[in-house]
Amino acid sequence: MPRVFLPPALRSLAGGQESLEMPGSTVREILAELERRHPGVQAGLCQGDGLRPGLAVCVGGAVSTLGLLQPVGPDDEVHFLPAIGGG
Amino acid sequence: MHDFDYERPVSLVEALSLMARHNGHARPLAGGTDLIDQMRLGRHQPGALIDVKRIAELNVLAADADGLHVGAAVPCCRIVEQPLVNQQYTALVDSCRIIGGIQIQSRASVGGNLCNSGPAADSTPSLIALQGVCVIAGPAGTRRVPVERFCTGPGQNVLQPGELLVEICFPPRPPHSGSHYRRLIPRNEMDIAVVGVGAAVELDESGRTIRAARIGLGAVAPTPLWAEEAGALLAGQPADDVQFARAAEAARKIVSPITDMRGTREYRIHVTGVLVQRVLRAAVARARGEAFTYLPGH
Amino acid sequence: MATADKRPYKVIGTRPVRHDGADKVTGRAKYGGDMRLTGMLYGAMVRSPHAHARIVSIDTSQAEALPGVRAVVTSADMPAQGDRVVELGEGAANMRHLTANILARDKVLYRGHAVAAVAADNVHIAEQAARLVRVEYEVLQPVMNVLDAMRDDAPILNDDVRTESLGAAPQSPDQSRPTNIAKHFLFEKGDVAKGFAEADLVIEHEFDTAMVHQGYIEPHNATALWNTDGRITIWMSTQGSFTARQQTAELLRVPVSSVKVVPMEIGGGFGGKISVYLPPVAALLSRKTGRPVKLQMSRADVFEATGPTPGSHMRLKLGVTRDGRITAGEAWIAFDAGAYPGSPVGMACMCVFACYDVPHGRVEGFDVCVNKPRTNAYRAPGSTHVAFAIETIVDEICEKLGLDPLEFRLKNASREGTRRVDGPVFPRIGMVETVQAIRDSQHYQSPLAGPCRGRGVASGFWFNVGMKSSVTATVNLDGTVSLIEGSTDIGGTRTSIAMQLAETLGIAAEDVNPTVVDTDSIGYTDVTGGSRVTFATGIAAVEAARDIQRQMVQRAALLWDVDPAAVKYDDGRLLGPAGKQFTFKELAAEIHQTGGPIIGSGTSSSATQGGAFGTHCVDVEVDPETGKVQILRYTIAQDAGTAIHPSYVEGQMQGGVVQGIGWALNEEYWYDDRGTMRNATYLDYRLPTCYDVPMIETMIVEVPDPQHPYGVRGVGEVPICPPPAAIANAIYHAVGVRMRRLPMSPPNLLSEILQRFQD
Amino acid sequence: MAKKRVVSATINGEVVEFLCEPRQTLLEVLRDTLDMTGTKEGCSNGNCGACTVLLDGRPVVSCLVLAMEADGSEIRTIEGVARGSHLDEVQQAFLEGAALQCGICTPGFIMQTEALLQANPNPTEEEIRFYLAGNLCRCTGYDKIVRAVQAAAQKRLATT
């Protein structure tokens, strides 16, 4: 099952856990399930139909350009991180 | 840049008459490397520039019985190539080699450097050390002012409206003498002196005792300074580190530097002492004819 | 070192002359500032003399009355933005802030902040008119230092800023009051208290670094024509024509398709030419005058009013066991964002411990507004700051424990599988290999003799980004290929892209003719930044080449009357049944008879880079009486994955090192009490000259990145990260002084040296 | 407004006459009036060397020379370095040695190198670095520039 890592600011909503297993085959599905189990998480990560501005999702080690639409494999880790730019 | 007139006289008489006609609103233009930049920044807005580069008197670079004459418009690049200057007035060469980069030295003149009257001017301490005298022409004739009395404040000097610096002349160098200029800059080149020190020494025949010394300081006061006492207390003393340290202490006492983006007041006072000693050591080495290598900036 | 001595490539790894080279050594290349159009007007900006002030009134009448003046614009001419946050290619931007940065609305937030603009017949008239625009200000107290700005009683810059926390809805105790702290980041891994409890030695220090500028030699410029049909064309120097187009369109509130950005040659960027400053203003002036308008910044404007990288205050703590294993790390990082939020402090937080396997870590970051120009990306944004802190602490730990600093790094280095403090796990990376390269280098193995000389080492990390790129490629009848791309070429990327296309097609690099085109002529392409072009646009070029291969196979099959499956594309040749064969050139000559043009296209969007590491070694000599540092020798080892054009890889490494040397020793924004930068010239800002540095010895380490078909890793950014720390460590080993403040300029270093001798 | 005047100068071997105002620099006239944009503008304070040209054989920063001062002089710019369609040794060495990245400083470096090799055909690394210190490059770290100058000098020495 995919493992989703929570930003520290949201961990209190999930009993202080750093990460938890969460079913779903896309980031959107996983977030919906996460929100169902731990209400309030989604508000911290999403705005409207997408991720909050400045936030990126990293799935299976790769920063996704698909955001919530990103497919997630059964062994993937899901991380929410500041979007990275560069010089 | 603001709007202005440009004149290019070919004689001193013509230049003075143009200066007079513009009634204090004209500025002489030699290399222009300070002036054009300052005009672009709006710091000076002269009504006219009088280009003095075609005037013979301002282009003299020669020695006679009176010593060396350096016309006010002579660019640094000519000075560093002049054989006699290289042999006898080495502090001046040291200065001219590090004013701006090579491109600046193609244009910038020692006269312009002096008339710009920046406290950190790299040639002025050397001019002071080498006993330079300014020859100034004006409506009332010609007058002579020692370099150490030329600058009166940051960007200010003794030139009266209508007056023009014609040349700087230097007495002949005595035997057993040597001179040096160096500065502390954060980079190794292309920088404004945080502290600059020029010194000239004359030794006795043995090369062990100092007969006379003159020390000029830059960037440590509103004007370049003649550290008269620091030089005077070396007269008759052995040319050694103990005496150099005494001179350094005396030089430190007369400085009144500011804190700015180039260095703090404390730093400048400290480095004044360090450089006075290093420069005296080098000037003495040159006076003795010892091999002396010096990498600018290091 | 994983050097490929039996490398399978023919083009990759060679050093062809760059395709745009002849134009650039003859002065023919056209940069943004070289743009000339018939009827073109010249603009000038009116800028704030104050660091913080309320605009009471703007009177443009005198300026407008000056003969030769054609138009004056102020923020009143810019469309209102409201509360919009828009994705602009490299990150999201609050449009209200962005538009106020282009032309100040009710307040000026830094000296040099643009207030109005003039277009006139020539630049002299424009400048004169700019001086005639009368702006009345109510001067406010500026706040210049990041810690001062975080205080409760600090002057507030932006009334609309509330602290936003990563992954949390706004929840600070008093969200009704505006603050200068725009963002708060927090990352945690494991149990930090437990980690420090396991440590035998804990070192903790505070660090300060000054704001510094990218320092590119070409000033910002833009020439705009707002045509009568509503279409806007912008000719400019930019790192990203598509983001420039999008920013301009959003700022002017016109459809993105009505703006065309024509990227001219660009004279350096390093992150500073991603944000737009001039194009919307030039466009507004053009609309008012009906003529093309050119704007170019002065050097002082570039320093005062573009996007330098933040100054910082950092507190860093590292715990280790006696035998040199890291047990825990903690960092507190505050960056001055400048006038508006958006410093790279989030990335700094993610980089600070990236070189090491830190079992328990906690990192906190703050993005803080101060009365300085709005900061922007600069080469590995945020990473150099934190490398200075962590790498000097590591050096101190090694000294205290008597460990070799490279052996310590090898012991604790991040490697494939190491979990970062910010969460993800590293893929295959080359940190270890760069440390080994330096350890085995002639430089590190040779003794360093002489008084006041010291050697220092340091490592650094940068993510490198992927993002989006497009390439099309057309086969010409003579067997050459014209390659069209959207990545503006700052340092030879036309050639590194062309070489990957050539390699894939099995043709010579010289047979590819690359061109960078405008936003109407190629698919969307993200910025030339984040060390991404050779990686991501390279992937797109490889895709385009494969597309061409497929089409060439079909043409050969048609000519030979065989099934395409029977044709093989092999190293620039098409092989068919029964020994049938075409070279690429032979078949290219036939394309018009076999179905017409062959155009290949490729895009890249999903690939993520594995990250780049470098380890540096430097020898310095310190003048203990003046505090001046000379760099005696410098060696850099860096993982380039696979070096496409080794000369330009070395060039990136050497250039990054020298920028890092400048940052380390002398560069800084020096402000007076009124918030005026007093060194806004090259003379007093002091980029290194060639007389300040030695040759920079390079060691290209190659640990291929599996995400790229040829194993490329971006090389542009990470070389700037280690130099300040490496030099600080070398200074310590020379004179026994630990520097924790940048720059380590002669006055700053001397004061530490004198203090040490007093103690 | 100050009177415009006709200035006559020999630029890259050709006598050129142009009309200019006293406040126009040589750099501005080269670029805006004569459309010779190979000479680059980096700072217009004389601090970066991007606008280096040779004035009567000496390297100068053209941003600190008034166009009127150039009356009667001989000027060489980057446009006059190549011989016909052949690059000269310095240009060739910069190209082959990858001594440029963004290229904006390159014309200035090439002009300054021409002046250096004229004055000192076989300079040491130290002399090269000192002579080129008035030219800033932010991309290359100077390593390959210095090597290109060395290569150009050796090539010229070998062929003369």
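Start by selecting chains A and B together: they do not touch, and their nearest C-alpha atoms are 26 Å apart. Contact here asks that the C-beta atoms of two residues, placed from the backbone, lie within 7 Å. Swap chain B for chain D, and again there is no touching, with 13 Å between the nearest C-alpha atoms of chains A and D. Four pairs of chains do touch, and the pair with the most contacts is C and D.

A word on what you are viewing: this is a predicted model, in which local features need pLDDT of at least 70, side-chain atom pairs count only at pLDDT 80 or more, and totals for chains, interfaces and linings use all residues. Residues are numbered from 1 along each chain as its sequence is written, while chains are lettered from A and ligands numbered from 1 in the order in which they are written.

Now show chain A alone as a cartoon. You should find three helices and seven strands, in the order β-α-β-α-α-β-β-β-β-β from the N terminus. (Helices are DSSP runs of H or I with at least four residues, strands are runs of E with at least two, and both are numbered from the N terminus.) The radius of gyration of chain A, 12 Å, is close to the 12 Å that the globule rule gives for 87 residues, so the chain is as compact as a globular protein of that length. That radius is taken over C-alpha atoms, and the rule is 2.2 Å times the number of residues to the power 0.38. Along its principal axes, the C-alpha trace of chain A spans about 40 × 25 × 25 Å.

Next, select residues 265-287 of chain B, which form helix 11. Is this helix enclosed or not? Because 17 of its 23 residues are buried, helix 11 of chain B is largely enclosed by the rest of the structure. Buried means that 20 or more other C-beta atoms, placed from the backbone, lie within 10 Å of the residue's own; 12 or fewer makes it exposed, and counts in between partly exposed. After the helix comes Gly289(B), with a positive phi near 75°.

Finish on chain C, colouring 21-29 + 466-604 as domain 1 and 382-464 + 609-758 as domain 2; such bounds come from an automatic or database domain assignment. The centres of these two domains of chain C, over C-alpha atoms, are 38 Å apart. Their contact takes 15 residues from domain 1 and 18 residues from domain 2.

Conventions:
Expected span 1.5 Å × (residues − 1).
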